[in-house]
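Here is a short set of exercises to work through with the model open beside you. Try each task before you read its solution.

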Amino acid sequence: MKGQIVARTCLHVCAQTQRETRDTHNRARGKRDTMGLFLKGITLPVKLAHTRVQFIDVPSPTRVILPLLQHLGDPAEPTVSVGDTVRAGQLIAEAPTEAALPLYASITGRVTALTDTLDCRGKELRAVVIEGNGTTSPPAPTETSPDLSSLSEAALLTRITRAAVVTKGPHPVALARELVALREPSTHLSLSGRRVVRPIDILLISALDPEPSLGVNRYLAGITSETLPAGIAALKALSGAERVVIAVDKNLPPPDPLLTLAATDEQETTTIVRLNGRRYPVGLPVPLIKAALGREVPLPYGHPRDVGVLICDLETTTSVGTAVTTTTPPLSTMLTVGGGAIGTTGVVQVPLGTTASALIDSLGGFTREPAKLIFGGPMTGMAHYELEVPLTKEVTGLFALTAEELTMVGEYRECVNCGRCVTVCPVNLVPGMLSMYCAKDRFPEAAREGLLSCIECGCCDYVCPSRRPMVHLFRHAKHQLMETGPEERVI
Ligand code: SF4
Ligand code: SF4
């Protein structure tokens with residue numbers, strides 16, 4: 001009992017000291033934060049932030065595994081059976097509910113199994129397996145409408161839904177459902193307790209990547225896409241945005257295609273904002289909105305639409321453009337590969353459902369013994385033990401790290417109260433204190449201190465001299481809070 005009281009007192013003193021560190025840091029920072037810009041976070045070393053993004057051509061796989069559920073929603077229902085021959089782009093599963101999306105074959109071949117597979121989070125999902133016959137070209141689009149003005153908003157939405165366009169990154173959502181929600185202006189409570197109604201006025205296109213070590217958006221920023229202008233026009237029309245802001249990385253050569261796009265906008269509503277892409281986590285939605293537009297998304301339950309913003313990355317916007325002009329669904333995904341155990345670093349484009357093992361084989365296999373496999377970026381991705389995992393829109397990167405590249409090795413130590421995590425947290429939390437609450441299963445107290453506002457960027461992990469696995473502790477705590485139900489979530 002006495003021990004418990006001492007432990008609680010120590011925890012209280014540590015928490016108090018860390019809160020004071022945050023307040024001191026914020027007071028100093030407030031003097032400089034005159035433009036509402038994003039100032040916290042970390043600057044990653046150049047080797048993690050590509051100065052050039054190279055595209056690596058990889059052969060098409062001989063087999064794909066297509067999970068029936070690839071977004072937050074309901075699974076699709078197969079319309080094919082084992083033994084059926086399918087063409088790339090052919091419907092193989094339909095959406096039985098409004099929360100489901102249809103599924104299309106990503107390669108031409110034969111259905112060899114309807115089986116269970118693991119996704120990048122280790123969750124078991126039902127999937128359709130297709131063995132390819134070497135043909136990759138999709139069927140000709142059935143409807144084409146290069147002139148979007150001939151399409152009503154309902155027709156645009158139908159095309160996006162039918163093409164099953166989802167947002168890129170962890171927790172993909174059906175884009176059409178997001179857009180439907182935007183048509184009804186959302187309301188939220190301001191800090192003063194006033195209910196705010198804010199329609200969308202800005203479409204923010206991100207040519208930055210969620211992490212500096214990922215490169216898909218920065219690669220796309222440098223190439224000309226025929227469907228990008230149509231994607232921007234469709235998103236602008238559906239969201240009602242008056243302005244388009246394109247956020248680009250100022251460390252890369254000028255993205256000429258995007259500059260031309262802005263210069264040729266007859267309505268003069270498109271602007272380019274240059275940000276330091278090496279400053280992490282400027283590419284994540286909440287900090288990006290703050291850095292590019294000076295608007296602060298109300299956390300923990302806020303959404304970009306609460307501050308009048310629709311945010312979309314370049315790959316998704318291009319998919320929207322293809323969907324509305326040609327009705328072709330996205331059949332491939334782009335991701336970044338890297339890490340010391342893979343001999344090369346760059347961006348690849350593979351058919352949806354390509355397995356991680358097939359991709360690594362096509363890159364020449366591991367060049368060194370991998371110690372850790374990460375799906376996603378090194379800062380926010382998920383560690384995995386299995387290579388037979390299909391690559392979907394959820395996977396932004398595939399990194400195979402060697403033992404020498406791992407910084408989080410061995411046991412973590414007690415917090416030494418140095419306050420470094422406080423000075424980097426982009427959403428102004430006190431991560432050390434939160435990690436102590438979470439490690440001791442004191443989840444309601446962690447929630448009261450703002451745990452649910454954490455955007456899981458991993459900056460605190462990165463700087464912690466005690467190597468505390470804070471994001472891991474926070475994810476576990478959030479999961480526990482979700483399990484216990486809202487009435488138990490003391491906020
Ligand atoms: S992981 Fe969460 S607590 Fe840690 S720095 Fe990022 S937002 Fe802050
Ligand atoms: S950086 Fe690590 S050791 Fe320092 S206060 Fe934060 S949790 Fe504690």
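**Exercise 1. Locate Pro281 and describe the peptide bond before it.**

Start with the place: Pro281 is in the loop between strand S14 (279-280) and helix H7 (285-293). Helices (H or I, at least four residues) and strands (E, at least two) are DSSP runs, numbered from the N terminus. Next, look at the bond: Tyr280 and Pro281 are joined by a cis peptide bond, with omega about 10°.

Before you go on, note that this is a predicted model, in which local features need pLDDT of at least 70 and side-chain atom pairs count only at pLDDT 80 or more, while totals for chains, interfaces and linings use all residues. Residues are numbered from 1 along each chain as its sequence is written, and chains are lettered from A and ligands numbered from 1 in the order in which they are written.

**Exercise 2. Find the cis peptide bond that ends at Pro300, and say where Pro300 sits.**

The bond from Leu299 to Pro300 is cis, with omega near 15°. Pro300 belongs to the loop between H7 and strand S15 (309-313).

**Exercise 3. Find the phi of His171 and of Asn428, and state how exposed each residue is.**

Begin with the background: most residues other than glycine have a negative phi, and most peptide bonds are trans.

- His171 is not a glycine, yet has a positive phi of about 55°. His171 lies in the loop between H2 and H3. His171 counts as exposed because it has 10 C-beta neighbours inside 10 Å.
- Asn428, also not a glycine, has a positive phi near 70°. Its place is the loop between H10 and H11. With 14 C-beta neighbours inside 10 Å, Asn428 counts as partly exposed.

The cut-offs behind these words: a residue is buried if 20 or more other C-beta atoms lie within 10 Å of its own, exposed if 12 or fewer, and partly exposed in between, with C-beta atoms placed from the backbone.

**Exercise 4. Is Pro45 buried or exposed, and how far is its C-alpha atom from that of Arg279?**

Pro45 is found in the loop between strand S1 (42-43) and strand S2 (63-67). Now count neighbours: 9 other C-beta atoms lie within 10 Å, so Pro45 is exposed. Finally, take the pair: Pro45 and Arg279 are 234 residues apart along the chain, and their C-alpha atoms are separated by 9.7 Å.

**Exercise 5. Describe how helix H2 (residues 153-162) packs with helix H3 (residues 175-182).**

Step one is the geometry: the axes of H2 and H3 come within 8 Å and cross at roughly 150°. Axes are lines fitted to C-alpha atoms, for helices over the stretch in contact, and angles run from 0 to 180 degrees between N-to-C directions. Step two is the label: H2 and H3 are therefore roughly antiparallel to each other. Angles under 35 degrees count as roughly parallel, over 145 as roughly antiparallel, 65 to 115 as roughly perpendicular and the rest as oblique.

Step three is the contact, made by Leu157, Ile160 and Thr161 of H2 with Leu175, Ala176, Leu179 and Val180 of H3. Two residues are in contact if their C-beta atoms, placed from the backbone, lie within 7 Å. By class, this contact has 6 nonpolar, 1 polar and no charged residues. Ala, Val, Leu, Ile, Met, Phe, Trp, Tyr, Cys and Pro count as nonpolar, Asp, Glu, Lys and Arg as charged, and the others, Gly among them, as polar.

**Exercise 6. Do the same for helix H11 (residues 431-439) and H14.**

The axes of H11 and H14 come within 9 Å and cross at roughly 55°, which makes H11 oblique to H14. In the contact, Pro431, Leu434, Ser435, Cys438 and Ala439 in H11 meet Met470, Leu473, Phe474, His476 and Ala477 in H14. By class, there are 8 nonpolar, 2 polar and no charged residues in this contact.

**Exercise 7. Which residues come nearest to ligand 1?**

Among the 15 residues around ligand 1, the nearest are Cys425, Pro431, Cys454, Cys457 and Cys460. A residue is near a molecule if its C-beta atom, placed from the backbone, lies within 6 Å of it. The shell around ligand 1 divides into 13 nonpolar, 1 polar and 1 charged.
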